[in-house]
2 protein chains.
Amino acid sequence: MSFVNTSAFKSFRPTPESIPPPNAVLKFSIPPGMPVHIHPLNPVTFLLRAAEIYPDKLALSSPEGPSPVFYSYGVWTQRVQNFAYALKKFGFKPGETLAIIAPNSPMIADALQGALAARIIVCPINTRLQHHEVEYILEHSQSRLILVDHEYVHLVKGTKIPVIVSNDTGRVGDPYETFLSEGRRFSQERGWQGLDVEVDENAGCLLCYTSGTTGRPKGVLTTLRGSYLAAVGNSSDARMSKDSVYLWLLPMFHAAGWTYPWAITFSLASQITLRSVDYPKIWKHFLGSGVTHYCGAPTVQIGIVNDPAAKKPPQPISAIIAGAAPTAHLIGSLEKIGITPVHVYGLTETYGPFTRSYTHPSWSSMSLEERSKKIARQGHYFSTAGDVRVVYREDDEKTTNAGGKLVDVPKDGTTIGEIVTRGNLVMREYFRDPEATSKAFQGGYFRSGDLAVWHPDGAVAIMDRSKDIIISGGENASSLAIEQELASHPHVLEVSVIARSHVKWGERPMAFVILHPQHAGKWRGEKGEREFEKDLKAHARKRLPGFACPEWVRVVGELPKTSTGKILKTELRKVVAKL
Amino acid sequence: MSFVNTSAFKSFRPTPESIPPPNAVLKFSIPPGMPVHIHPLNPVTFLLRAAEIYPDKLALSSPEGPSPVFYSYGVWTQRVQNFAYALKKFGFKPGETLAIIAPNSPMIADALQGALAARIIVCPINTRLQHHEVEYILEHSQSRLILVDHEYVHLVKGTKIPVIVSNDTGRVGDPYETFLSEGRRFSQERGWQGLDVEVDENAGCLLCYTSGTTGRPKGVLTTLRGSYLAAVGNSSDARMSKDSVYLWLLPMFHAAGWTYPWAITFSLASQITLRSVDYPKIWKHFLGSGVTHYCGAPTVQIGIVNDPAAKKPPQPISAIIAGAAPTAHLIGSLEKIGITPVHVYGLTETYGPFTRSYTHPSWSSMSLEERSKKIARQGHYFSTAGDVRVVYREDDEKTTNAGGKLVDVPKDGTTIGEIVTRGNLVMREYFRDPEATSKAFQGGYFRSGDLAVWHPDGAVAIMDRSKDIIISGGENASSLAIEQELASHPHVLEVSVIARSHVKWGERPMAFVILHPQHAGKWRGEKGEREFEKDLKAHARKRLPGFACPEWVRVVGELPKTSTGKILKTELRKVVAKL
């Protein structure tokens, strides 16, 4: 790793309370009466094991910014223990909730281990929410304490809940470090053996509020068992190992970083945090720190391949892509610099990814465009997931399942149904919302709300969110399918398509396009944009049925996005409503 | 794979009943009332998933012998389903036991999936047992049906239990194929949806009788949950993936092949079975079939590296070694031909391996001998295991644990204690033997009976089975440690050391040695053997304390071994008793 030779690395010393005692026993205490042949699944055990095997290995680092920190597995595990005891000192009881508001940084990495170790549920809050949204989540989650990064203190202004601020320094004097150090003192060196293992593996683990494009956010409550198994699935699927280095671009507050915090420790790998998605820094670490894995939405991936520093890194890198399907252009651009795109699909309710487009040997002889269409599919379910189906609802009132029996659509690649799943990679419930839970679980499956087809080879492929389907002249046009085709125009950097009402056809597609910087010059000005519109429509007509061709094209400088990089179609709809 | 171009491969057609119907639904039926967020862990689900993702991929092949067979995941999964229905047709009820006696061959691979699919416990019986031992196991296991390979029919002669013989042809007319085909017909094409998932993940899975060097064999009963998690641990630890090819040398009847039958399907990998450990055939597949993984005791590994065909294979191969620690000589020989030795440790009671010697970067600068001593340690526990400790029993009658509280030995690399473990990779019980179970589980841990030290870096290292310790002049000498040092003599191929009584010292070590064929000539005849004895003793004196140096050395042509390649010290003791 490039930073191993820096003076920041060489001179870094963790706080005294971060240093583990000699001969620390790295195991939870086991209450009497536990069967010898069962231990409850708990993702924190991966960290304890990593610290047993590789205590001196670099586990967690935050190498950028004014206060770089570098923690070995031994030291980090002690800090996680301190975190757990700090919660106990505060007065937390098992099953209560801790809120955390932070960018990718050691504090949130600690929380996703340390709170679990204290049997406390963590509620990671999106840093890009408004004050009133944060207020709602804090109240709804019944959070008893808030850990907040110094940059986001404004989000908790006026709250009555106790707050601890982190200056993200890792140095003595930082209030967060004081919190940890007091935890260590409170422990009286009882260590891990002073912490009881949670015997119920279906106990709550994370409480993640959906960023919900409409309506009030819902709190997705996951379990220890689900988090353990999702992490195993991600590690196995991404082929992570002790030689892997994971770079944090995906926010850890987003569906607990898709359970990668535990997939990394399961794999005995190292992780690097960056406070923000900063392309020059990303490339610095791609080229110098041995990064092998990262996750990100297509938007982030587009930024990576278009950065001037982009070139083939010395080691293979896997780019785990979700949030939207990657386009052929993006796949080609990643592969050209030796980055392997891995397309996965999931929702906060499914612990992040639970399906993947599994590659097939026959794809290697396909054209990039053909192959990309395969990679863009959501594919098959993960090793530790329970199932994935594409179904429609049979409205048979005699069935016992509220909402009708779920019937598989034919695997014909054209009939549209809804993606559903069940099993260990499904959340336990929407917190304090039994009505929403039972609605989401109608028919004995979790209903994703994503509309998809089922291909003859068993791969599922999303056509759209149900609300994003465009009904043009009675035909269902998938906005995603249209976007996929428009994105293949060489001058399109990003595109989003939504429905706009039309006198004759009911609805017609309207496309919002960001031009590729290298080609934007050609289409400058109003006249240029009109010419581009003509060009793009001609491109579309060659690839799409008439009802799916965009009726309107607008060139824009940027697209409205959620904090996690998803395009906010609700905002585009507001623009269209005013036209 | 070399055999893909053979006429045997090209002309092979599975039986008509092995062909899956179009649009098969590859999922168990889920009883009503199952929570949406839980699916019971069951290793058969890995096979169903593999058949969904890669139906046409080669899953299971038996390429040697008079009747080669090659099954894709789609076909094999149908055969497994037929197997499950054949058990139902026979009248099996969930939880009953099926016995199987077969070498590595498709039938036993089928059984380890198909019986589970029918919620039947499989009892795989060691093919090298005596008739009366098999009789005992069949009776004790309460087996209702026996599947037996044609080569082992003599083992079930006179039994009253129904028997189905396999001629291992995979062709119409083979009684085993008739059994499967009738299963298919009995299913009336209800498919996987006609088979209920086992809702209790702690239900019995395998019943493996320990080959027990002394006393009556005990039936180790494992669970579906444990088998699932052990398979995940093995796959992750061996870094298996869809590109892996596993070659079966370890008998599948031995602790269910260490759960590799399911680690392979979890990984979406391919497997090749060989009926016997045949070194020329092994090398044929190493060099021509893309083999990436195999498991075997050191004896098998020695045979592999000493085969005349041994040379660097075109792809990396991992040799997973257990049963005894590999010597420096073996490690060096494997590495020289590009095979990576992976040393794991476990017992039938722990689903096979549950610890591994995890390599450390600093080892690469060590000499082979130093490094081998590290690799020979049993190491740390697996990702999905619960724990490993080295303990002694505190004889405190006030403790609630029968047998006293278990106290960790100091991590000093010298204090000897017993290896214990607990959690998901521990068997559920000794079948129909609550007394033996409670004895093995004394203190809330499974007691392995293996004596070990705990190193400062947390690695455990076996010194001996308790009965194999040699007490010489009041000093405890580890027969394993002595063997390790004697094996470093360049002319030693294999060595076993046991205690022989001694007038003055109580016991003294006696070594039985097989000479390396290349050097045997030098020590021919009685005089030669006496000279070799002198030479080996001189070698020992440089490396071992006086009490651990062998007092007697005997050159032998072969060593008595169990069917799984472990040296039978009981047999050597009989030889010594007569001296």
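## Buried area and contacts between the chains

In this predicted model, chain A and chain B bury about 4700 Å² between them, 53% of it on carbon and sulfur atoms, where buried area is the accessible area (1.4 Å probe) that two parts lose on being put together, summed over both. The contacts, defined by heavy atoms within 4.5 Å, involve 59 residues of chain A and 59 residues of chain B.

## Polar and charged pairs

Between chain A and chain B there are six salt bridges, each requiring a side-chain nitrogen of Lys or Arg within 4 Å of a carboxyl oxygen of Asp or Glu. Asp387(B) forms a salt bridge with Lys27(A), and the closest N and O atoms of this pair are 2.9 Å apart.

On the side of chain A that touches chain B, H7(A) gives the most, with six residues; helices here are DSSP runs (H or I, at least four residues) and strands likewise (E, at least two), numbered from the N terminus.

## The surroundings of Val426(B)

Val426(B) lies in the loop between strand E18 (417-421) and strand E19 (429-430) of chain B, and is buried, with a relative accessible area of 1% (buried means under 20%, with a 1.4 Å probe and protein chains only). Leaving aside neighbours within four places in sequence, Val426(B) is in contact with residues of both chains, including Val36(A), His37(A), Tyr351(B) and Phe441(B).

## Conventions

Residues are numbered from 1 along each chain as its sequence is written, and chains are lettered from A in the order in which they are written. Local features need pLDDT of at least 70 and side-chain atom pairs pLDDT 80 or more, whereas totals for chains, interfaces and linings use all residues, and side-chain values use heavy atoms, with hydrogens and water left out.

Notes
Buried means under 20% relative accessible area, exposed over 50%, partly exposed in between (1.4 Å probe, protein chains only).
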